[in-house]
Amino acid sequence: MKHHIFALISAVLLAGCSPSKEPEPLKSSALTAPAFIGQPAQAKPFNGDNISHPFMAKAGKSTIHGDGFNSDVHQVSGPLGINPQIQTRDGSNMPGGMCATVTITTKDQLIALCASITGFEIHMLKPRSLELLARFKLPNRPSSFQALVKRDPAIVMTDTSGGAYYYLDDQDRVVLADSTQRILRLANRQTETGEWEFYLDGNWDLSQDVPNDCMNWNNWFPDGECDPITAVLPDHKGLIWWVTRYGRVGTLNPETGKVKSTQFKGEEIQNSFAMDENAAYVVTDHATYAMSTDAKGKPSVLWQETYDRGSERKVGSINQGSGTTPTLLGDRYITVTDNADDRINLLVYRRQPDFNGQRLICTVPLFDSQQSATENSMVGWGRTIIIENNFGYSNAIQQTDWDGIPGGISRIDIREDESGCDIVWNSPEKAPSVVPKLSANNGLVYFYTFEQQDNADDVAWYLMALDAESGNTVFKIRTGAGMDFDNNWAPITIGTDGTAYVGTIKGIIAIWDDSATALSQL
């Protein structure tokens, strides 16, 4: 995400109440579009590199982008389009309810960050049935209050803070930064009665190190600086890294509580960052940075690469800079996009800290002239990069011009001799906002798309699968129609049992193959 992803979560927090344990289905508008388009798929594994991290949950399950590389790859098989089944859950009994991030524990429960009247909540959901098992309330974001007071939804549309960029650690604990500049670690357990619950397993206050004089219900006239923490990730030594909207990058030692930080003044960080064994990789609206800690434990720059940030923010972007969370590939590469005016460019760099020479391997123009933007991390696997065009999409509440979304999805491969990159295929399909996922086990890359409907006011929404090898559209599974089914920057997440989960502006959707029919096809 984006993203970005969290554009409208707070804008819709006008009223609400505790979610019910049993799922209340999302409400669809009239449906005239077909329920299924295409044909069921045959699994064709798509090879890449294994990703692991000593302080994070299993790769593919630990963040909105799957892992510390932001690969957006799951090493399980998603739906093949065989007699698809669908379950939906409204995230709130009143307006609100978007589930903007979904991860999966080792016990296969879903952990989702969803909206509520008092702010964000962490939900534990039962797979497929989407039954609520546990919830933990987080404080409201100042941007939500400001948007209501100032009647300006753009305030929340450019705020990616509040916990959506959390991660699951190696013990299935949620680690996040809330809107009060605290880093929290939430564990979960079953009680004596068999019920699940979250409990606070760590709490570190960073408000002395990160300014938090933000306009809120108890602070109507702030006169200081407000700099929300947007994302957290652990390094391979156990330090928790964090970034803020206005360019601060820091570390927290969870054993001692010590905090060290630096700042890229005049630069914004709206998305998450990436992590490998050597460095943290941060993209601001000016440059890409590889960072490590110096002898005193303070974050310092190993290398940096500036990029073309263009002359303005585009429709489909949340600031004037790269819209991408950086993606790492294997042990050598990092990819981001720029924000060039005519067409954004895919940029691929060598990321080795000791590399001498030109880091930039290729610059690849993407999509059509004056219709090119992205606010999502790319899929990155092996030498392959897959990216979608988000140009023309704003958010689920304000979007009305569906014809103004040009679409486009591209696959770009890095040449083996590192002499450049090649576009392998271009698809005209439209994926306006989703964080996509590649199933390495079946070779399908999943997106979320829409179709115009005859004799109906609202567009219909679909889970869409493309063949990662050829770029051909394999199938589309209709989920519903209308705003409740608009994805609004949330991710697709694939469960161990093959279920695909899609966050929407109003809740979450589960899609899976009918098991009896699927087994008969094997």
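**Notebook: burial, cores and salt bridges**

I started at Asn 216, which counts as buried because its relative accessibility is 12%, under the 20% limit for that label. I placed Asn 216 in the loop between β11 (196-205) and β12 (229-234). Leaving out residues up to four places away in sequence, I found Asn 216 touching Asn 140, Pro 142 and Phe 145.

The model is a predicted one, and I checked its confidence next. The mean pLDDT of the chain is 89, with 91% of residues at 70 or more. Residues 1-17 have a pLDDT below 50, and in the model this stretch makes 93 contacts beyond near neighbours in sequence.

**Gly 238**

I looked up Gly 238 and found it in the loop between β12 and β13 (240-244). Gly 238 counts as buried, since its relative accessibility is 17%. Which residues does Gly 238 touch, not counting those up to four places away in sequence? I noted Phe 55 and Pro 254. I also took the C-alpha to C-alpha separation of Gly 238 and Asn 140, which is 29 Å, with their positions 98 residues apart in sequence.

**Cores**

I then turned to the nonpolar cores. The largest has 81 residues, and Ile 122 and Phe 447 have the most contacts inside it. Strand β29 (residues 444-451) gives the most to this core, namely six residues. I listed the contacts of Ile 122 without its neighbours within four places in sequence; among them are Ile 111, Leu 113, Phe 136, Leu 138, Tyr 166, Val 174, Leu 186 and Phe 198. The contacts of Ile 122 also include Arg 135. I found a second, separate core of 32 residues, which includes Leu 206, Val 232, Val 259 and Ala 287.

**Surface patch**

On the surface I noted a nonpolar patch formed by Val 149, Trp 220 and Phe 221, with about 370 Å² of accessible area together. Val 149 is in helix α1 (residues 142-150). Is Val 149 buried, exposed or partly exposed? I have it as partly exposed, because its relative accessible area is 36%, which falls between the limits of 20% and 50%.

**Salt bridges**

I counted 25 salt bridges in the structure. I looked at three pairs and one network.

In one pair, the side chains of Asp 72 and Lys 437 meet at 3.3 Å, N to O. Asp 72 sits in the loop between β1 (36-38) and β2 (73-74) and Lys 437 in strand β28 (residues 437-439), so this bridge ties together parts 365 residues apart in sequence. Both Asp 72 and Lys 437 are buried.

Another pair is Asp 90 with Lys 506, where the closest N and O atoms are 2.6 Å apart. I placed Asp 90 in strand β3 (residues 84-90) and Lys 506 in the loop between β33 (500-503) and β34 (507-513); the pair links distant parts of the chain, 416 residues apart. Asp 90 and Lys 506 are both buried.

The remaining pair I checked is Asp 413 with Arg 411, the closest N and O atoms being 2.7 Å apart. Asp 413 is buried because its relative accessible area is 17%. Arg 411 counts as buried too, as its relative accessibility is 6%.

Finally, I noted a network in which salt bridges that share partners join Asp 169, Arg 173, Arg 185 and Asp 201.

Notes: Residues are numbered from 1 along each chain as its sequence is written. This is a predicted model: local features need pLDDT of at least 70, side-chain atom pairs count only at pLDDT 80 or more; totals for chains, interfaces and linings use all residues. Side-chain values use heavy atoms; hydrogens and water are left out. A nonpolar core is a set of buried Ala, Val, Leu, Ile, Met, Phe, Trp, Tyr and Cys residues joined through side-chain atoms within 4.5 Å. Buried means under 20% relative accessible area, exposed over 50%, partly exposed in between (1.4 Å probe, protein chains only). Helices (H or I, at least four residues) and strands (E, at least two) are DSSP runs, numbered from the N terminus. Contact means heavy atoms within 4.5 Å. pLDDT is the predictor's confidence in each residue, from 0 to 100. Patches are made of residues with over 30% relative accessible area and no salt bridge: like charges are joined within 9 Å, nonpolar side chains (Val, Leu, Ile, Met, Phe, Trp, Tyr) within 5 Å. Accessible areas come from the Shrake-Rupley method with a 1.4 Å probe; for residues, only the protein chains shown count as cover. A salt bridge is a side-chain nitrogen of Lys or Arg within 4 Å of a carboxyl oxygen of Asp or Glu.
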